[in-house]
Amino acid sequence: MSKFWSDMAKRCAPYIPGEQINRANVIKLNTNENPYGPSPKVIQAIQKESEQALNLYPSPTADKLREDIAAFHSLSKENVFVGNGSDEVLAFSFMAFFDKNKTIRYPAISYSFYPVYAKLFDIPTEEIALQDNFTIPVEAFSQSEGGVIFPNPNAPTSIYMELDAVKKILDNNPDRIVIVDEAYIDFATESAVSLIHMYENLLVIQTMSKSRSLAGLRVGFALGHPDLIEGLTRIKDSMNSYTIDRLALVGAEAAIADVDYFNETTEKIIRTREWTIVEMEKRGFTVLPSQTNFIFATHPNQDAGELYAVLKEKDILIRYFKIPAIDNHIRITIGTDEQMRVFFKTLDTIL
Ligand code: PMP
């Protein structure tokens, strides 16, 4: 450790992103990207912008994108904050809403960036174990000292929590912020966005990386009461006014506008997910009920690490987990129908 490091740098225990191997022949089912490209209108918008305006700074307030996202969700611009991927929005949220002397709660099995931010910003945490069926124990999130954060649907379990349960967590934390990380919500039943007008303590965070096929462009957003949005904006403007570049702004605007493409690709992924689950179960896997663009599975006589390694040798990338509570589980992103057929053909040579 360098003697020149600050206390903050010393505290870091960085997040390790999933493998990014982008060779053409690799079937990449490991980081929950969308197998379909973005809407052709996104490409057109980016091309036009890149020819016209890259010498100029982007809008620091991202008004047009915030208006478009607000309109999509029947909210107003003052309810919307946009950032460089939802990871950045999450980081800003930890800074804006969580304190050093108040313990926050999140599920023990959930997005592994939460403990990283908590450590970096010196926020005490209490990890709440999942129940035996991998669902989140709602009552355990009551009366938190410093606030609550959880993904819905949860990752990597893929399980969706009904809105009644989300409401219970909000009701049981009236003076604390509850952050619902909805990275995968467009593949699920219903967003908590409809609750924003009822709960000042609710912040919903979504991303354009999954259902909008824009993981490479880095756009995420938060939706909530204008006071919460102002808190996030204060943090952003104290660090970097221009977190979203011009190409990302116009690309994200075009993606939000192309509702037909969004609906078509999202529905396609859900249909592929459903037959993928059936095929996995036919092969002896137990698959948790998924409302995401990935599935979480385990096999009684297969080692998850070995499955991962053998598939990788055959140019198929998946994820596996060594954490005790979810030992021997694999996570598979839903690809195209063709990619999933190749996956099963390859899997059958292994099982
Ligand atoms: N939240 C969850 C639960 C995720 O799985 C991810 C993606 N790995 C993110 C947030 C961050 O997504 P992005 O930064 O691409 O918007």
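The chain divides into domain 1, made of residues 18–37 and 260–350, and domain 2, residues 40–257. The model is a predicted one. Between the C-alpha centres of domain 1 and domain 2 the distance is 25 Å. Where the two meet, 24 residues of domain 1 are in contact with 21 residues of domain 2. On the domain 1 side that touches domain 2, helix H9 (259–282) and strand E10 (294–298) each supply at least two residues. The largest share of that side comes from H9, with five residues. By class, this side of domain 1 has 13 nonpolar, nine polar and two charged residues.

An annotation can be set beside this division. The UniProt record, an unreviewed entry, places the feature "domain: Aminotransferase class I/classII large" at residues 25–345. The C-alpha atoms at the ends of residues 25–345 lie 16 Å apart, and the span is 37% helix and 16% strand.

Strand E10, already met at the contact between the domains, also belongs to a sheet. This open sheet has four strands in the order E9-E10-E13-E12, with antiparallel pairing. Strand E9 (286–287) and strand E12 (319–321) stand at its edges; each has a single partner strand, so one side of each is left without a neighbour in the sheet. Within the sheet, E10 pairs with strand E13 (residues 329–333) in the antiparallel sense over five bridges. One position in this pairing is Ile295, whose bridge partner in E13 is Ile332. As a general matter, strands of a sheet pair through backbone hydrogen bonds, in either a parallel or an antiparallel manner.

A parallel pairing is found elsewhere in the chain. Strand E3 (residues 104–107) and strand E4 (residues 125–128) pair in the parallel sense over four bridges. Pro107 has Ile128 as its bridge partner in E4. In a regular strand, side chains alternate between the two faces of the sheet. Both faces of E3 are covered: Ile104 and Tyr106 on one side, and Arg105 and Pro107 on the other, are all buried.

Pro107 leads on to Phe150, which is found in strand E5 (residues 148–151). Phe150 and Pro107 are 43 residues apart in sequence, while their C-alpha atoms are 6.4 Å apart in space. Leaving aside residues up to four places away in sequence, Phe150 touches Tyr106, Pro107, Ser110, Ile136, Val180 and Asp181. Phe150 counts as buried because 22 other C-beta atoms lie within 10 Å, where the threshold is 20 or more.

Ala9, found in helix H1 (residues 7–11), offers the opposite case. Ala9 is classed as exposed because 11 other C-beta atoms lie within 10 Å, and the limit for that class is 12 or fewer. Ala9 and Ser241 are 232 residues apart in sequence and 23 Å apart in space, C-alpha to C-alpha.

The ligand remains to be considered. The residues around the ligand are Gly85, Ser86, Asp87, Tyr111, Pro151, Ala155, Asp181, Ala183, Thr207, Ser209, Ala215 and Gly220. Among these, Asp181 is also one of the residues that Phe150 touches. Helix H4 (residues 85–97) gives the most to the shell around the ligand, contributing three residues. By class, the shell has five nonpolar, five polar and two charged residues.

Terms used. Residues numbered from 1 in each chain as written. Predicted model: local features only at pLDDT ≥ 70, side-chain atom pairs only at ≥ 80, totals over all residues. Near = placed C-beta within 6 Å. Nonpolar A, V, L, I, M, F, W, Y, C, P; charged D, E, K, R; others polar. UniProt positions renumbered as here; feature names shortened; annotations may be inferred. Domains from an automatic or database assignment. Contact = placed C-beta atoms within 7 Å. Pairing = 2+ DSSP bridges.
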